[in-house]
Amino acid sequence: MNEFVERRVELTWRQPKRAYDVVIVGGGGHGLATAYYLATRHGITNVAVIENKYIGAGNSGRNTTIIRSNYGIPEAVSFYQRSLELYQQLEAETGRWMMHQRKGLLWIAHTEAGVRAERARAEVNTAFGARTEFVTPREIGEICPRIDLTGGGVWPVLGASYHVDGATARHDRVVWALAEGAMRHGVDIHQRLAVTGLLREGERVVGVETDRGPIAAGLVLSATGGHVTTLAAQAGVRLPIRTHPLQAFVTNHYELAFDQIVASSNLLFYVSQTARGEMLIGAEIDRQPSYSYQSGYHFLQSCSFRAMTLLPFLRDLRILRQWTGICDMSPDSSPVMGETGVDGFYVTTGWGTWGFKAIPAGGEQMAELIATGRTPAMIAPFALDRFARDRTMADRGSAGTH
């Protein structure tokens, strides 16, 4: 069934032109979504997406596929709720099966401080459109019976916020559907084409230099994951971004009976089950900044131990494979979207551990900015100049950011 559906995807490859209205650097989810919405919402199709490897080769293909909007500040809740809603309709809009499945997300609290935090999360979420409620240990046991409410006698479960609309989707299918939709409307997507620099006329960015020659552009958007600071520096922009590895792993197959997503801010892990029955487990970013994609045994040991504390059945499973992505982290753990202060050069970055869930809304909002020249109200709080204005958007609303 999977092979049949994937073979239906029609990707039309073309040779690069010498000039485009918009050049997007980075063929991951955010770059492709911006191109898709430029074409479908605004009729702007003289667009090129340039990817150094293959589409989805970076963090879009190395994430844990969770979709949620249960963040801790109003601006983030509204933004991610918009993305969650766009995901819910994206299969019907593109005509492609992305294996989108609503599961519900339990965010477990093990301390009194944690209980207060999850109660507050539920209140903020509800006020700004995300369906989240606080649930007691008894209710948690009914929602997900496989949770050990005693926490191994060390981390007892005292409550949780339950994000009803938490979901997952297949990452590569999201990438293919957005690429196909953009191509169908005339967007050019170029794989194995490396951007080596930016073209400038005075203070304005007017295109990109590639390993196959220059490409002129009316506007350049950096949607790269990792190395974004290097590209931005060529435009004279210093970004407050540090890049950290983020590891994850899956086990062998388990009976298809784990229907929820479970996370714990105290134990610093999250787990869900794939469509094939594998248990998918991740945790916080590596402390040391790095561009490395190497995985390590220490992560497997520590993360597995924490996960088994809450979910004892994991002891009977074996680790099947492990991988690493790299996360661009901002100082306030919120994304950076929009203008950079340099004419002709925009960025969408700082996605940290929450980039996959933001793909539709991030692409939609950046497309609106590019098409209209006006920053949409939804992403205005995440502008780069918030740091200079001392208006940071501090939100460590993820187990991966701790």
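The legends below describe close-up views of a predicted model.

**View 1. The eight-stranded open sheet and its edges.** In this view of the predicted model, eight strands are arranged as an open sheet in the order β6-β7-β5-β14-β15-β16-β13-β17, and their pairing is mixed. The edges of this sheet are formed by β6 (132-135) and β17 (319-329), each of which pairs on one side only. When direction is ignored, neighbouring strands are turned against each other by 20° on average. Helix α4 (residues 112-127) packs on the sheet, where it touches β5, β6 and β7 (159-163), and the direction of α4 makes about 155° with that of β6.

**View 2. Pairing of β13 with the edge strand β17.** Strand β13 (residues 242-253) is joined to β17 by ten bridges, and the two strands pair in the antiparallel sense. Within this pair, Val250 stands opposite Arg321 of β17.

**View 3. Strand β14 between β5 and β15.** Strand β14 (residues 261-264) has its side chains divided between two directions, with Ile261 and Ala263 pointing one way and Val262 and Ser264 the other way, and all of them are buried. Towards strand β5 (residues 105-109) the arrangement is parallel, with four bridges joining β5 to β14, and here Leu105 has Ile261 as its bridge partner. Towards strand β15 (residues 269-273) the pairing is antiparallel and extends over three bridges, with Tyr270 of β15 as the bridge partner of Ala263. The strands β14 and β15 form a hairpin with four residues between them, and in the turn Leu268 has a positive phi of about 55°.

**View 4. The hairpin of β10 and β11.** Strand β10 (residues 195-201) pairs with strand β11 (residues 204-210) in the antiparallel sense, and six bridges connect them. Leu198 stands opposite Val208, which belongs to β11. Two residues lie between the strands of this hairpin, and Gly202 takes a positive phi near 65°.

**View 5. The three-stranded sheet and the surroundings of Thr168.** Three strands form an open sheet in the order β3-β8-β4, with antiparallel pairing. Because β3 (66-67) and β4 stand at the edges with a single partner strand each, one side of each is left without a neighbour in the sheet. The antiparallel pairing of β3 with β8 is made over two bridges, and Ile66 has Thr168 of β8 as its bridge partner. Thr168 lies in β8 (residues 167-168), and its relative accessible area of 7% is under the 20% cut-off, so Thr168 counts as buried. Leaving aside residues up to four places away in sequence, Thr168 touches Thr65, Ile66, Ile67, Met99, His100, Gln101, Lys103, Ile261 and Ser272.

**View 6. Helix α6 and its burial.** Helix α6 (residues 171-184) has 14 residues, which should span 20 Å at 1.5 Å a residue, and its end C-alpha atoms are 20 Å apart, so the expected and computed spans agree. The helix is mostly covered, with twelve of its 14 residues buried, among them His171, Asp172, Arg173, Glu180 and Met183. Just after α6, Gly186 takes a positive phi of about 110°.

**View 7. Arg96 in the loop between α3 and β4.** Arg96 is found in the loop that lies between α3 (74-94) and β4 (101-102). Its relative accessibility is 12%, which is under the 20% cut-off, and therefore Arg96 counts as buried. Apart from residues up to four places away in sequence, Arg96 touches Arg8, Val9, Glu91, Ala177 and Glu180; of these contacts, Ala177 and Glu180 are buried residues of α6.

**View 8. The crossing of α3 and α9.** The axes of α3 and helix α9 (residues 359-372) come within 7 Å and cross at roughly 105°. This angle falls in the range of 65 to 115 degrees, and α3 and α9 are therefore roughly perpendicular to each other. On the α3 side, the contact is made by Phe79, Arg82, Ser83, Leu86, Tyr87 and Leu90, which meet Ile359, Pro360, Ala361, Gly362, Glu364 and Gln365 of α9. Taken by character, the residues of this contact divide into seven nonpolar, three polar and two charged.

Notes
Residues numbered from 1 in each chain as written. Predicted model: local features only at pLDDT ≥ 70, side-chain atom pairs only at ≥ 80, totals over all residues. Heavy atoms only, no water. Buried < 20%, exposed > 50% of the residue type's maximum accessible area, 1.4 Å probe, protein only. Pairing = 2+ DSSP bridges. Expected span 1.5 Å × (residues − 1). Contact = heavy atoms within 4.5 Å. Axes fitted to C-alpha atoms, helices over the stretch in contact; angles between N-to-C directions. Parallel < 35°, antiparallel > 145°, perpendicular 65-115°, else oblique. Nonpolar A, V, L, I, M, F, W, Y, C, P; charged D, E, K, R; others polar.
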